[in-house]
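I opened the notebook today to go through one model, starting with its backbone and moving on to its packing and its open space. The entries follow in the order in which I looked things up.

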Amino acid sequence: MELSKRQEAILEIVKKEGPITGEQIAERLSLTRATLRPDMAILTMAGLLEARPRVGYYYSGKTPNKVIAEKLHRIKVGEVKSVPVVVSEHCSVYDAVVTMFIEDVGTLIVVREGGILEGVISRKDLLKITLGGQDIHKLPVGVVMTRMPNVITVGPDDSVWLAAKKLITHEVDALPVVRPVEGGDKNKDLEVIGRLSKTNITRLFVELGEGN
């Protein structure tokens with residue numbers, strides 16, 4: 001989060017003199033309160049300043065980085081996930097390549113009837129098997145995919161921070177967003193309800209940087 005020089009000046013005043021009223025801050029900067037109102041709103045909404053009626057503004061003690069970190073912990077995967085791009089394990093590697101190209105994704109999620117997670121297949125997996133000289137028209141993706149329970153997943157109520165950490169730790173481009181199937185085996189039967197990718201994370205960072 002990048003602050004303007006005036007916003008940085010406001011923060012310094014509040015750090016040293018807070019709690020302090022908006023009128024007093026305006027006096028210190030030789031500006032009108034109306035001129036400062038947008039800056040005060042930004043600093044307050046960002047969580048850097050806090051305000052109390054009849055008391056004034058005071059410094060929250062949070063740095064811009066800490067504010068962003070707290071937001072990432074509060075935002076849930078279900079709020080930013082994308083529609084999953086799925087195939088059957090009986091789908092040919094050729095059809096998987098075509099699907100990946102048409103949908104412009106780096107990971108396909110493999111499911112069985114009912115949308116139950118079976119595995120994932122990445123761009124790297126498809127590239128390896130394609131260069132291997134096998135007949136990709138006849139070879140099913142079930143032969144080359146990463147199968148459960150070795151698939152890294154996230155739930156819709158997990159934080160975006162946790163999802164981002166999984167993406168980095170396991171060096172994958174996307175994670176299936178899943179939920180347990182009612183009446184099924186909670187460790188095996190997971191319904192695919194979305195996809196969380198590096199693109200989702202990047203888009204979120206851009207929105208946070210724009211103050212959205």
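**Backbone entries**

I began with P19, which I found in the loop between α1 (5-17) and α2 (22-29). The model is predicted, and in it the peptide bond from G18 to P19 is cis, with omega near 0 degrees. I then turned to P149, which lies in the loop between β6 (146-147) and α8 (160-169), and I noted that the peptide bond from M148 to P149 is cis, with omega near 10 degrees.

Next I looked up positive phi values outside glycine. D104, placed in the loop between α6 and β4, has a phi of about 55 degrees although it is not a glycine. I checked its surroundings as well: D104 has a relative accessible area of 67%, so I entered it as exposed, the cut-off being over 50%. E171 lies in the loop between α8 and β7 and has a positive phi of about 55 degrees, again without being a glycine. With a relative accessible area of 70%, E171 is exposed.

**Core entries**

Which residues of the largest nonpolar core touch the most other members? I wrote down V93, L108, I121 and V141, out of the 17 residues in that core. At least two residues of this core come from each of α6 (93-103), β4 (107-112) and α7 (123-131), and the largest share, 3 residues, is that of α6.

I followed V141 further and, setting aside neighbours within four places in sequence, listed its contacts as V87, S88, E89, C91, S92, V93, A96, V110 and I121. Another core, of 16 residues, lies apart from the largest one, and its members include I75, A164, V177 and I193. As background, I reminded myself that in soluble globular proteins nonpolar side chains tend to be buried together.

**T107**

Is T107 buried or exposed? T107 has 9% relative accessibility, and because the limit for buried is under 20%, I entered it as buried. Its place is in strand β4, and, not counting residues up to four places away in sequence, T107 touches M100, V120, I121, S122, D173 and A174.

**Pocket entries**

How much space lies in the largest pocket? I noted about 350 Å³. The lining is made up of 17 residues, and those closest to the pocket centre are S122, D125, E171, V172 and D173. The elements that give two or more residues to this lining are β5 (116-122), α7 and β7 (174-180). Reading across my entries, I see that S122 and D173, which are among the residues closest to the pocket centre, are also in the contact list of T107. E171, whose positive phi I recorded above, is another of the residues closest to that centre.

**Rings and a long separation**

I searched for aromatic pairs and found 0 of them in the structure. A search for charges over rings gave me K15, whose charged end sits over the ring of Y59, 5.0 Å from the ring centre.

Last, I looked at H90, which is in the loop between β3 (86-87) and α6 and counts as exposed at 68% relative accessibility. I also recorded its separation from M40: the two residues are 50 residues apart in sequence and 58 Å apart in space, taken from C-alpha to C-alpha.

Methods:
Residues numbered from 1 in each chain as written. Predicted model: local features only at pLDDT ≥ 70, side-chain atom pairs only at ≥ 80, totals over all residues. Heavy atoms only, no water. Core = buried A, V, L, I, M, F, W, Y, C linked by side-chain atoms within 4.5 Å. Buried < 20%, exposed > 50% of the residue type's maximum accessible area, 1.4 Å probe, protein only. Helix = DSSP H or I, 4+ residues; strand = E, 2+ residues; numbered from the N terminus. Contact = heavy atoms within 4.5 Å. Phe/Tyr/Trp six-rings, centres within 6.5 Å; stacked < 30°, edge-to-face > 60°. Lys NZ or Arg CZ within 6 Å of the ring centre and 35° of its normal. 1 Å grid on protein atoms, 1.4 Å probe; cavity = no way out; pocket = protein on both sides within 12 Å on 5 of 7 lines; lining within 4 Å. Points joined across faces, edges and corners; volume = space filled by probe spheres on them.
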